[in-house]
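Take a look at the sequence and the fold below. The report that follows walks through a few features, one group at a time.

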Amino acid sequence: MTEQTSSQNGSVATDRSGEDLETIGQDAPPAEEKAAPKPAAKKAAKKGVGPTGLKKIKTRVPVGPRERPTVIVDNLHVTYKVYATGKRATGRNAEKKGLLARTPGVRRAHEVQAVRGISFTAYEGDAIGLVGTNGSGKSTLCQAIAGLVPAKRGAVYSEANPTMLGVGAALMNDLSGERNVILGGLALGMSLDEVKSKYQDIVDFSGLKPEFLDYPMRTYSQGMGARLRFSIAASVSHQVLLIDEALSVGDRLFGQRSEERIRELRESAGTVFVVSHALPTITKTCNRVLWIDQGKLIMDGGVDEVIEAYTEAEGA
């Protein structure tokens, strides 16, 4: 929870402990003098290598007008445990030794550090792309911002309830596309009359043929289902919207409509997070990029700057 306090110099967002989170309308205080780096840090800096083995790059927020912050991620750490069943091998597997052998009845727990000390501030009108290799922590970060996974340490502060695309949890595969449009609209907080008034616009945006709306969603391809989910979610305005790989499916025309809708959300002072391995999508829709690797924030800056550094480091 954040509290907004006012003063002659501006307004300050604070947490419950009274610690300042973001100052609005006043000049930032001078930065404290940093302690001299340790010998080991100096040695690593000379090599130009960060903690993940990638090229060390200075983090920089792109220059531009900054209004009210919408999301503040403060030293966020997210961990989860993965269990091995430890069941006794039977039949042909009973004779396997070494790495395939398992102690009967033992559940082994492995702690995975998905997000490691990430901090940044998102502002109204930002469209932020998240790039990184598979397993780097991009989706987990989005889930933490949306409040779907708890933080082990640190915190996420949001001006409004973030919406994670899509409304997949509310849609039902056994129901028709038509029924799912109504169900999804209700799940987003619309009244039944509002859903009915926007129904045709949602269908037209998805690009689905009318006959498919009578079929159950289990008969839809992955692309068709994703297009319908995005169309439902995009039918309302969101102050904070998180899109995880939803724009990588669909044809060229649907991609163009999706990009245009994201621009409209930005212009209405919303904040959009886009996770995608399709770098052209990031380039067309975003004004800022976060590069995540092994749960850490490697770089935060303008689109061209970060994409160039990322592709160079990954050899993409």
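## Cysteines without a bond

The structure holds zero disulfides. This is a predicted model. A disulfide is a covalent bond between the sulfur atoms of two cysteines. Two cysteines are worth a look here. Cysteine 142 is buried, with a relative accessible area of 0%. Cysteine 286 is buried as well, at 8% relative accessibility. Both values fall under the 20% cut-off for buried residues.

## The open sheet

Six strands make up an open sheet. Their order is β8-β9-β10-β6-β11-β12, and the pairing is mixed. The edges belong to β8 and β12. Each has a single partner strand, so one side of each is left without a neighbour in the sheet. Neighbouring strands are turned by 20 degrees against each other on average, direction ignored.

Now step into the sheet. β6 pairs with strand β10 (residues 271-275) in the parallel sense, over four bridges. Isoleucine 128 has phenylalanine 273 as its bridge partner in β10. A helix joins the picture too: α6 (residues 252-267) packs on the sheet. Helix α6 touches β6, β9 (240-244) and β10. The direction of α6 makes about 145 degrees with that of β10.

## Nonpolar cores

In soluble globular proteins, nonpolar side chains tend to be buried together. Where does that show up in this model? The largest nonpolar core has 26 residues. Val131, Phe230, Ile243, Ile282 and Trp291 touch the most other members. Helix α8 (residues 303-314) gives the largest share of this core, with five residues. Another core lies apart from it and has 22 residues, among them Val78, Ala122, Phe273 and Val275.

Which residues does valine 131 touch, leaving out those up to four places away in sequence? The list is Lys138, Ser276, Leu279, Ile282, Val289, Leu290, Trp291, Ile292, Ile307 and Tyr310.

Tryptophan 291 is on that list. Its place is in strand β11. Is tryptophan 291 buried or exposed? Tryptophan 291 is buried, with a relative accessible area of 0%. The chain also brings a faraway residue to this region: the C-alpha atoms of tryptophan 291 and serine 136 are separated by 9.3 Å, although the two are 155 residues apart along the chain.

## Salt bridges

Side chains of opposite charge can pair when their charged atoms come close. The structure holds six salt bridges. The table shows some of them, with the distance between the closest N and O atoms.

| Arginine | Acidic partner | Closest N and O atoms |
|---|---|---|
| Arginine 68 | Glutamate 159 | 2.4 Å |
| Arginine 288 | Aspartate 126 | 3.2 Å |
| Arginine 218 | Aspartate 174 | 2.9 Å |

Start with arginine 68 and glutamate 159, which form a salt bridge. This pair links distant parts of the chain, 91 residues apart. Arginine 68 sits in the loop between α1 (39-47) and β4. Glutamate 159 sits in the loop between β7 (153-158) and β8 (163-165). Arginine 68 is partly exposed, at 37% relative accessible area. Glutamate 159 is also partly exposed, at 36%. A network of salt bridges links Arg68, Glu124 and Glu159.

Next comes the bridge between arginine 288 and aspartate 126. Arginine 288 lies in strand β11 and aspartate 126 in the loop between β5 (108-123) and β6 (127-131), so the pair ties together parts that are 162 residues apart in sequence. Arginine 288 is buried, with a relative accessible area of 0%. Aspartate 126 is buried too, at 1%.

Then take arginine 218 and aspartate 174. Arginine 218 lies in the loop between α4 (192-206) and α5 (222-233), and aspartate 174 in the loop between β8 and α3 (177-187), so the pair ties together parts that are 44 residues apart in sequence. Both residues of this pair, arginine 218 and aspartate 174, are exposed.

## Positive phi angles

Most residues other than glycine have a negative phi. Which way does asparagine 75 go, positive or negative? Its phi is positive, near 50 degrees. Asparagine 75 lies in strand β4 (residues 69-84) and is partly exposed, at 33% relative accessible area.

Glutamine 294 also has a positive phi, of about 50 degrees, although it is not a glycine. Glutamine 294 is found in the loop between β11 (288-293) and β12 (296-301). Glutamine 294 is partly exposed, with a relative accessible area of 42%.

Technical notes
Residues are numbered from 1 along each chain as its sequence is written. This is a predicted model: local features need pLDDT of at least 70, side-chain atom pairs count only at pLDDT 80 or more; totals for chains, interfaces and linings use all residues. Side-chain values use heavy atoms; hydrogens and water are left out. A nonpolar core is a set of buried Ala, Val, Leu, Ile, Met, Phe, Trp, Tyr and Cys residues joined through side-chain atoms within 4.5 Å. Buried means under 20% relative accessible area, exposed over 50%, partly exposed in between (1.4 Å probe, protein chains only). Helices (H or I, at least four residues) and strands (E, at least two) are DSSP runs, numbered from the N terminus. Contact means heavy atoms within 4.5 Å. A disulfide is a pair of cysteine sulfur atoms within 2.5 Å. A salt bridge is a side-chain nitrogen of Lys or Arg within 4 Å of a carboxyl oxygen of Asp or Glu. Two strands pair if DSSP finds at least two bridges between them. Axes are lines fitted to C-alpha atoms, for helices over the stretch in contact, and angles run from 0 to 180 degrees between N-to-C directions.
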